[in-house]
Structure formats: C-alpha cells, structure tokens
Amino acid sequence: KGGIDCALAEAAYLCSIERNADVVTMTSYAPLLSKNGHSNWSPDMMYVDNHHVDKTPSYWTQWLFGNYSGDTYLSTAVELLTPNSSLQTPNSSLQNRLAASVVRDSKTGKQYLKIANVSPVEVSFSLSGITPSSATMKWQGFKGKPGQQRVKLETGEITDASAITMPPYSF
C-alpha cells in the first residue's frame, strides 16, 4: 500500500500542476479502489473490505487539493530560513525538497497555500505574496515518517507568515 512517501511526492507534483494550470487542464488518480486481498495494482488510494474503508495518505493529499482549490494562481516567494544542514549539497538542497503553490478562489476571495516538505528535517520559511500577510491563517495537513501507511489530518493556525515551520515529511 502507498505510504506517506507516495503522498508527499504526489503533493509536490500537484503543486507543480497547480502552478501550470494554464497548460494542464486535468489530472486523475488511478487506481482508486482495491478490495483487501484482491489487488492487481499497488498502490491504490483506498482499500476496502466488507466492513471498512482504509484511506491512504495519498487519499488525504487528493482530498486537501480537492477541497482547497482555486481558479487563479498567485505568484508567491518562499524563502528558506532553515540554517544550512547536511541536505545543503548541490544536488540535494532543501529548496528542492519543498514544493509550494498558492491559489485564490475568485468567488470567495479565499487564498489556499499548499506546501509539501519532502525532507527529513524541520524546515522554516517565510512567505511573500499572500495578502494579508499579518492575518491568522488556518491550516490542515499531515506529517509522518517514511513508510508510514496511515496519517491523521491535523488542523491549526499560523499567526505570522514571516516565520512558518513545518516538521519533516509533512504537507
């Protein structure tokens, strides 16, 4: 079954899709469902039996993108504040392990930021381009460890967009 590794890779990919929505018109997740013990393909998004539905981390990635979508992409700068670490090498920088996308829903005026931290370290960064930057922002997401098969959706608030911290392996 697909774990948090797959879900974070998908989140990073979907951030790129969202940034290029003028070129990419549709995406789809396949395969969607599998009955436990009768899989022809792995991973699937949800596994079912006669009594339960097991939602994978990939399900929650897709759910977050589906519920927090917009029709206008907003150019936003993400500046890393995390000090140099062992990941800061020419081929594997923290910047390459952080994917972000910001969209606005023109009907509601709401802005939605999606950030995937696909690194094994906590990452601190600041945002510019989100208005108003001083407002309290609500968030929903998940975190975990490589290979983890289940995640719990968490919620919280960010009161300062000038210094946001994300745990390792989080979205």
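This report walks through a predicted model of one protein chain, from its overall layout down to a single buried residue.

## Overall layout

Let's start with the big picture. The chain holds two helices and 11 strands. Read from the beginning of the sequence, the elements come in the pattern α-β-β-β-α-β-β-β-β-β-β-β-β.

Of the 171 residues in the protein chain, 37% count as buried. The accessible surface comes to about 10,000 Å², and carbon and sulfur atoms account for 52% of that area. Sequence separation is worth a look too: among contacts between residues at least 6 apart in sequence, 64% join residues at least 24 apart.

## The sheet S1-S2-S3

Two open sheets are described here, beginning with the one that comes earlier in the strand numbering. Three strands make up this open sheet in the order S1-S2-S3, and their pairing is mixed. Strand S1 (33-35) and strand S3 (53-55) each have a single partner strand, so one side of each is left without a neighbour in the sheet. On average, neighbouring strands here are turned by 25 degrees against each other, with direction ignored.

Within this sheet, strand S2 (residues 46-48) and S3 run antiparallel and are joined by three bridges. If you would like a residue pair to look for in the viewer, Tyr47 stands opposite Asp54 in S3.

## The sheet S5-S8-S11

The other open sheet also has three strands, in the order S5-S8-S11, with antiparallel pairing. S5 and S11 are its edge strands, each pairing on one side only. Neighbouring strands of this sheet are turned by 35 degrees against each other on average, again ignoring direction. As a general reminder, strands of a sheet pair through backbone hydrogen bonds, either parallel or antiparallel.

Strand S8 (residues 123-128) is mostly covered, with five of its six residues buried. Four bridges link S8 to strand S5 (residues 77-80), and Ala77 is found opposite Ser128 in S8. S8 also pairs with strand S11 (residues 164-166) through three bridges; there, Phe125 has Ile164 in S11 as its bridge partner.

## Nonpolar cores

Now for the interior. In soluble globular proteins, nonpolar side chains tend to be buried together. In this model, the largest nonpolar core has 19 residues, and Phe65, Phe142 and Phe171 are those with the most contacts inside it. Helix H1 (4-19) and helix H2 (57-67) each supply at least two residues of this core. H1 gives the largest share, seven residues.

A second core, separate from the largest one, has 14 residues. Leu94, Met137, Ala161 and Met166 are among them.

## Aromatic pairs and a cluster

A search of the whole structure turns up six aromatic pairs. One of these is formed by Tyr59 and Trp60, an edge-to-face pair with 4.9 Å from centre to centre and 90 degrees between the planes. Both Tyr59 and Trp60 are buried.

The Tyr59 and Trp60 rings also belong to one aromatic cluster, together with Trp63, Tyr68 and Tyr112.

## A closer look at Ser58

Let's finish with one residue. Ser58 sits in helix H2. Is Ser58 buried or exposed? Its relative accessible area is 1%, and because the cut-off for buried is under 20%, Ser58 counts as buried.

Which residues is Ser58 in contact with, leaving aside its neighbours within four places in sequence? They are Cys6, Ala7, Glu10, Tyr29 and Met45. Gly3 offers a further link across the sequence: Ser58 and Gly3 are 55 residues apart in sequence, while their C-alpha atoms are 7.3 Å apart in space.

Key. Residues numbered from 1 in each chain as written. Predicted model: local features only at pLDDT ≥ 70, side-chain atom pairs only at ≥ 80, totals over all residues. Heavy atoms only, no water. Phe/Tyr/Trp six-rings, centres within 6.5 Å; stacked < 30°, edge-to-face > 60°. Buried < 20%, exposed > 50% of the residue type's maximum accessible area, 1.4 Å probe, protein only. Pairing = 2+ DSSP bridges. Axes fitted to C-alpha atoms, helices over the stretch in contact; angles between N-to-C directions. Contact = heavy atoms within 4.5 Å. Areas by Shrake-Rupley, 256 points an atom, 1.4 Å probe, with all protein chains shown as cover. Core = buried A, V, L, I, M, F, W, Y, C linked by side-chain atoms within 4.5 Å.
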